[in-house]
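Please take a look at the chain shown here. A short report on its layout, core and surface comes after it.

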Amino acid sequence: MSAPSTGRDSSTRLEQTGGPQSVRLDVWLWSARLMPTRSAATTACRGGHVRRNGEPTKAAQRIAVGDELRIRSPGREKIIIVTKILVKRVGAPIARTAYEDHSPEPPPQLAAAPPRRDRGAGRPTKRERRALDRLRGRNEEPPS
């Protein structure tokens with residue numbers, strides 16, 4: 001009589017066969033450190049911010065090596081090619097080997113730091129606020 005199958009038996013089989021062939025998308029995004037939590041990965045998939053091979057995807061869809069993922073975040077889109085399947089979260093150096101990043105460089109205006117006031121200078125005066133608004137392109141004319 002054989003013992004009932006447990007989760008440990010299946011993980012041993014996965015190690016013997018060279019690892020899993022596919023994994024859930026939200027688990028992989030979290031494991032590869034592209035999302036801070038698994039629930040954040042699920043929410044991004046539900047919101048349509050993640051595409052697999054050009055198609056909108058669900059968090060439970062299985063991904064495999066060679067899949068292209070496009071992940072939209074505010075002001076940026078990451079283009080990722082899956083090179084390794086990860087089932088659990090690993091350190092950052094190992095996680096970077098699990099994908100190839102083909103993302104375009106961010107626009108230069110996002111990389112520039114916003115202007116800062118000197119510490120202890122207090123609030124900007126009305127004149128300084130108006131100058132800042134003009135600089136940012138938010139010059140509103142008062143109603144006549």
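The report below moves from the overall fold to the core and then to the surface.

**Overall layout.** This is a predicted model. The chain holds six helices and seven strands. Along the sequence they run in the order α-β-α-α-β-β-β-β-β-α-β-α-α. The chain has 144 residues, and 22% of them count as buried.

**The core.** The largest nonpolar core has 24 residues. Within this core, W28, L29, L34 and L69 touch the most other members. Two helices and two strands each supply at least two residues of this core, as the table shows.

| Element | Residues |
|---|---|
| helix α2 | 25-31 |
| helix α3 | 38-46 |
| strand β5 | 68-73 |
| strand β6 | 76-82 |

Helix α2 gives the largest share of the core, with four residues. In soluble globular proteins, nonpolar side chains tend to be buried together.

**A residue in α3.** S39 sits in helix α3. Is S39 buried or exposed? S39 counts as exposed, because its relative accessibility is 52% and the cut-off for exposed is over 50%. S39 and A59 are 20 residues apart along the chain. Their C-alpha atoms are separated by 9.5 Å.

**A charged patch.** Which residues form a positive surface patch? The patch consists of R123, K126, R127, R129, R130 and R134. One of these residues, R130, belongs to helix α6, which covers residues 126-136.

Technical notes. Residues numbered from 1 in each chain as written. Predicted model: local features only at pLDDT ≥ 70, side-chain atom pairs only at ≥ 80, totals over all residues. Heavy atoms only, no water. Patch = residues over 30% accessible without salt bridge, like charges linked within 9 Å, V, L, I, M, F, W, Y side chains within 5 Å. Areas by Shrake-Rupley, 256 points an atom, 1.4 Å probe, with all protein chains shown as cover. Salt bridge = Lys/Arg side-chain N within 4 Å of Asp/Glu carboxyl O. Lys, Arg positive; Asp, Glu negative; His and termini not counted. Charge placed at Lys NZ, Arg CZ, Asp CG, Glu CD. Core = buried A, V, L, I, M, F, W, Y, C linked by side-chain atoms within 4.5 Å. Buried < 20%, exposed > 50% of the residue type's maximum accessible area, 1.4 Å probe, protein only.
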